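Hi,

Here is the structure I promised to send over. Have a look at it first, and my notes follow underneath.

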Amino acid sequence: MKNRSELREVIMKVIYQVNLLEDTNLEYDLGDLIKEQLEIKNDFVNSSVDGIIEHKKEIYELANKYLNKWTIERLNKVDQAILALGIYELMYTETPSIVAINEAIELSKVYSDESVTKMINGVLDKIYHEEEK
């Protein structure tokens with residue numbers, strides 16, 4: 001059984017795949033994408049992926065509000081997925097803010113470079129202080 005950090009990595013990978021498939025206008029089955037990453041059904045993963053997709057427009061607008069001279073669309077698909085997950089957890093879940101931010105930063109340390117990690121941290125920190133709930 002995976003812990004929450006490992007499940008967040010699964011969520012990030014699924015959102016990454018969804019972003020790629022949507023950009024290329026390819027059809028996909030969300031359940032199949034999740035099953036490719038996770039053998040056992042997990043409500044945390046399913047509800048998070050569904051929530052990020054459902055609130056994508058609002059999440060991206062919020063990211064763009066706080067990205068300095070950038071837009072989320074300019075980030076690579078992995079960084080988009082990490083930032084979207086962090087914003088989703090901050091704005092739409094009961095996850096403690098410090099946990100949501102820290103988990104996104106830890107994913108970014110593995111999958112992004114240091115400058116992007118700092119940018120993601122800055123955006124999530126601004127959202128936490130100015131927008132949260």
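One polar contact is a good place to begin: the side chains of Ser112 and Asp79 come together at 2.2 Å. Please keep in mind that this is a predicted model.

Where does Ser112 sit in the chain? You will find Ser112 in the loop that runs between α6 (97-111) and α7 (114-130). Ser112 counts as buried because its relative accessibility is 15%, and the cut-off for buried is under 20%. If you set aside the neighbours within four places in sequence, Ser112 is in contact with Asp79, Ile82 and Thr117. So Asp79 turns up both as a polar partner of the Ser112 side chain and among the contacts of Ser112, by the 4.5 Å heavy-atom limit used for contacts.

Now to the charged pairs. How many salt bridges does the structure hold? There are nine, and I will walk you through some of them.

Arg8 pairs with Glu103, with 3.8 Å between the closest N and O atoms. This salt bridge ties together distant parts of the chain, since Arg8 belongs to helix α1 (residues 4-23) and Glu103 to helix α6, 95 residues apart. Are these two partners buried or exposed? Both Arg8 and Glu103 are buried.

Helix α1 also contributes Asp23, which is linked to Lys77 in helix α5 (residues 77-92) across 54 residues of sequence. The side chains of Asp23 and Lys77 meet in a salt bridge at 2.2 Å, N to O.

Another salt bridge stays within one helix: Lys118 and Glu114 both lie in α7, four residues apart, which is about one turn of the helix. The closest N and O atoms of Lys118 and Glu114 are 3.4 Å apart. Lys118 counts as exposed because its relative accessibility is 55%, and Glu114 is exposed too, at 58%. Some salt bridges share partners, and these join Arg8, Glu89 and Glu103 into one network.

Last, a look at Glu36, which is part of helix α2 (residues 30-37). With a relative accessible area of 56%, Glu36 is exposed, as the cut-off for exposed is over 50%. Glu36 is 22 residues away from Val14 in sequence, and their C-alpha atoms are 8.9 Å apart in space.

If you open the model, Ser112 with its side-chain contact to Asp79 and the network of Arg8, Glu89 and Glu103 are the places I would show you.

Best wishes

Notes
Residues are numbered from 1 along each chain as its sequence is written. This is a predicted model: local features need pLDDT of at least 70, side-chain atom pairs count only at pLDDT 80 or more; totals for chains, interfaces and linings use all residues. Side-chain values use heavy atoms; hydrogens and water are left out. Helices (H or I, at least four residues) and strands (E, at least two) are DSSP runs, numbered from the N terminus. Buried means under 20% relative accessible area, exposed over 50%, partly exposed in between (1.4 Å probe, protein chains only). A polar contact is a pair of N or O atoms within 3.5 Å; within protein, one must be able to donate a hydrogen and the other to accept it, and residues adjacent in sequence count only if both atoms are side-chain atoms. A salt bridge is a side-chain nitrogen of Lys or Arg within 4 Å of a carboxyl oxygen of Asp or Glu.
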